[in-house]
Amino acid sequence: MSQTVHPGDGAGAPPVRDVIIIGSGPAGLTAAIYTARANLHPLVIEGAPSSTSDQPGGQLMLTTDVENYPGFVDGIQGPELMANFRAQAARFGAELLTDKATRVDLSAAPFGVWVGKTEYRSRALIVSTGARSLLLGLDSERRLLGYGVSTCATCDGFFFRGQEIAVVGGGDSALEEAIFLTKFADKVTVIHRRKELRASKIMQDRAFRNDKIAFRWDSVVTEVLGEGLVEGVRLRDTVTGEESELAVKGLFVAIGHAPNTALFAGQLDTDDAGYLRTEPGSTRTDVAGVFACGDVQDHLYRQAVTAAGSGCMAAIDAERWLESQPEAAAHLAGTPRNW
Amino acid sequence: MAADMITALTDSTFDEEIASSEQPLLVDFWAEWCGPCRLVAPVLEQIAREHEGALRVAKVDVDANQEVARRFDVLSIPTLILFKDGAPQLRIVGAKGKAQLLEELQAFL
């Protein structure tokens with residue numbers, strides 16, 4: 001049974017919750033399931049709809065078949081898997097708010113989390129804001145986003161049936177997208193800035209064996225060409241400096257992800273790569289009562305199952321921390337723990 | 001809950017619906033396999049309900065209705081196109097949250 005929320009209306013401070021979870025990918029929603037079952041009445045600030053990976057449900061919303069999440073012998077569609085996570089969290093009473101956190105204040109207890117003008121407060125905070133798809137950062141790319149430039153192969157591949165298109169990137173995501181796109185496109189050129197891919201061996205093998213996939217090595221995109229729609233890309237050879245043009249009707253950008261930590265700038269410690277720092281073997285950040293899980297703090301594994309695992313850890317870390325707090329002890333005493 | 005407020009348009013019903021609509025008509029181009037489209041659907045339901053009388057909302061499944069999608073150069077979904085007086089007036093590409101959508105639709109509400 002979920003607790004009714006009465007967000008602050010200015011007349012008085014909002015009620016203090018036990019835990020707020022920011023982000024609703026596998027990490028956030030697993031943390032929601034566990035904290036809900038522990039009767040901590042979590043509020044999950046899911047994020048706002050968007051066509052990039054920064055959205056409710058996280059990165060799996062932009063995939064089709066998820067074949068490596070354990071328990072699904074024949075695989076499952078990404079959005080379907082996340083709908084299941086969400087329904088499970090709701091079943092145990094997690095409160096889900098489909099909006100984006102705009103500000104946090106971790107300088108004092110309880111913590112403040114704002115969604116626009118509405119303020120929420122909680123004793124513990126679980127950060128699971130994940131990572132967003134990177135764009136190349138070109139003006140021409142931004143202008144043509146949605147008009148041939150895309151960050152979602154599964155959403156937009158359909159529109160390039162019989163065409164020649166390109167994918168920028170060299171990791172697993174780029175190759176997965178390229179292979180997926182061969183279902184529609186006649187030819188997919190993978191543009192990579194180095195001579196070697198960083199994708200897993202199995203993905204590389206699949207891509208190399210695919211007749212519809214070609215590779216442009218040592219190349220970067222310097223401009224996306226086209227007036228109202230994409231007509232091609234300008235490439236620069238990173239070794240020789242030579243420029244060339246490649247005629248394509250679509251460009252899919254799959255160059256990696258950046259952790260969504262802007263909300264916590266100056267408030268939580270990050271490592272050199274910008275990921276939230278947590279104590280090894282736990283989800284504890286450098287602020288007591290704040291726990292981080294999923295891709296926002298992991299750049300080594302970045303799998304749905306490792307994110308879910310760390311979400312569970314964050315829930316347990318948060319619950320133990322809450323119980324250890326003097327004023328909270330009385331409030332939580334006697335509440336059955338039924339993970 | 002009230003009945004579905006969003007009309008499904010097809011290649012054959014599209015033109016007539018656009019021409020005959022008295023209010024501005026916001027058309028959602030979507031497909032089953034598009035994750036972000038799923039997120040936008042409930043937001044559009046809410047907007048349709050809250051602005052009944054001032055705005056109508058319809059949807060086109062691009063999988064089954066490629067002619068209409070092609071005609072309006074829809075290359076990415078979700079794409080929302082607002083039609084007024086039979087012509088496209090505004091185009092929103094990519095999934096957006098409710099607040100942002102309302103802000104962009106402000107002039108037509």
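This is a short tour of chain A, from the overall fold to a small sheet, a helix and the contact with chain B. Keep in mind that you are looking at a predicted model.

**Stop 1: all of chain A**

Select chain A and colour by secondary structure: there are 8 helices and 19 strands to find. The radius of gyration is 22 Å, close to the 20 Å that the globule rule gives for 339 residues, so chain A is as compact as a globular protein of that length. Line the view up with the principal axes and the C-alpha atoms fill a box of roughly 70 × 45 × 35 Å. Buried residues make up 47% of the 339 in the chain. If you like contact maps, take the contacts with a separation of 6 or more: 62% of them join residues 24 or more positions apart.

**Stop 2: the sheet S14-S15-S16**

Now pick residues 219-225, which form S14(A), along with 232-237 for S15(A) and 243-247 for S16(A). Together they make an open sheet of 3 strands in the order S14-S15-S16, with antiparallel pairing. S14(A) and S16(A) stand at the edges with a single partner strand each, so one side of each has no neighbour in the sheet. Looking across the strands, you should see a twist that averages 30 degrees from one to the next.

**Stop 3: the hairpin**

Zoom in on S15(A) and S16(A), which pair in the antiparallel sense over 5 bridges. Two bridge pairs to label are Val233(A) with Leu246(A) and Gly232(A) with Ala247(A). The hairpin has 5 residues between the strands, and Gly241(A) takes a positive phi near 85 degrees. Is S16(A) buried or in the open? Of its 5 residues, the number buried is 0, so S16(A) lies largely in the open.

**Stop 4: helix H7**

Next, select residues 304-324 of chain A, the 21 residues of helix H7. At 1.5 Å a residue, H7(A) should span 30 Å, and its end C-alpha atoms are indeed 30 Å apart. Show side chains here: the buried residues of H7(A) include Ala304(A), Met313(A), Asp317(A), Glu319(A) and Leu322(A).

**Stop 5: where chain A meets chain B**

Finally, bring chain B into view. The contact takes 25 residues from chain A and 19 residues from chain B. On the chain A side, the elements giving two or more residues are helix H2 (78-91) and helix H4 (153-156). H4(A) provides the largest share of that side, 3 residues. Colour the chain A side by class and you get 12 nonpolar, 10 polar and 3 charged residues.

Technical notes
Residues numbered from 1 in each chain as written. Chains lettered and ligands numbered in written order. Predicted model: local features only at pLDDT ≥ 70, side-chain atom pairs only at ≥ 80, totals over all residues. Helix = DSSP H or I, 4+ residues; strand = E, 2+ residues; numbered from the N terminus. Expected span 1.5 Å × (residues − 1). Buried ≥ 20, exposed ≤ 12 C-beta atoms within 10 Å, placed from the backbone. Pairing = 2+ DSSP bridges. Contact = placed C-beta atoms within 7 Å. Nonpolar A, V, L, I, M, F, W, Y, C, P; charged D, E, K, R; others polar. Rg over C-alpha atoms; globule rule 2.2 N^0.38 Å. Axes fitted to C-alpha atoms, helices over the stretch in contact; angles between N-to-C directions.
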